[in-house]
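Reader: I'm new to looking at protein models, and I'd love a close look at one single residue and its surroundings. Could you pick one and walk me through it?

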Amino acid sequence: MSSSGRTALVTGGNRGLGAAIARALDDAGHRVIITHTPGNEKVAAWLEAQGARGYRFTAYGVDVGDWESTQALAQEVARRGVTVNTVSPGYLATEMVMAVRDDVRQKIIDAIPVGRLGQPDEIAALVAFIASEAAAFMVGSNVAMNGGQHMD
């Protein structure tokens, strides 16, 4: 068990934002479990790059945007000291977004009030906080981090 005694599940944790989150949580001392799409050949390379430090894998089967499931799970496990929260990131400078045609990507950037794409490490730092003891009273919450593109 890690020094923090906390375990984090990161869906899609072998590349892009998921990999940044997995690294940040590992750096914070969490035991990290990631999910990925079955048959993903990048997983072995990712494991090797991470030093194969005990990361547990399962088929990607969670709808990341399923808010009702998050709330239901949060209510079910909160009394056992398990926190369940979501983060809703905006457009990030990941491989997937950078593969978009330049003119289309520029239109996306123009629609973001801060005028740039987010960085995966920015979101990862937020997630590391949410998973920390300092946020132990945060349960069933959604945090939007999107450069001001969507404000509720």
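Author: Happy to! Let's begin with a term: accessible areas come from the Shrake-Rupley method with a 1.4 Å probe. In this predicted model, the chain exposes about 9,300 Å², and carbon and sulfur atoms supply 54% of that area.

Now for the setting. The chain has 152 residues, and buried residues make up 36% of them. Its secondary structure comes to 6 helices and 5 strands, which follow the pattern β-α-β-α-β-α-β-α-α-α-β along the sequence. Among contacts between residues at least 6 apart in sequence, 64% join residues at least 24 apart.

With that in mind, let's zoom in on Asn85. You will find Asn85 in the loop between α3 (67–77) and β4 (86–89). Is Asn85 buried or exposed? Asn85 counts as buried because its relative accessibility is 18%, and buried means under 20%.

What does Asn85 touch there? Leaving aside residues up to four places away in sequence, Asn85 is in contact with Thr70, Ile130, Met138, Val139, Gly140 and Ser141. Two of these names come back when we follow the side chain of Asn85 to its polar partners. One partner is the backbone oxygen of Met138, which the side chain of Asn85 reaches at 2.9 Å. Another is the backbone nitrogen of Gly140, which lies 3.1 Å from a polar atom of the Asn85 side chain.

To put the picture together: Asn85 sits in a loop, is buried, and has a side chain that meets the backbone of Met138 and that of Gly140.

Conventions:
Residues numbered from 1 in each chain as written. Predicted model: local features only at pLDDT ≥ 70, side-chain atom pairs only at ≥ 80, totals over all residues. Heavy atoms only, no water. Helix = DSSP H or I, 4+ residues; strand = E, 2+ residues; numbered from the N terminus. Buried < 20%, exposed > 50% of the residue type's maximum accessible area, 1.4 Å probe, protein only. Polar contact = N/O pair within 3.5 Å; in protein donor to acceptor, adjacent residues only side chain to side chain. Contact = heavy atoms within 4.5 Å.
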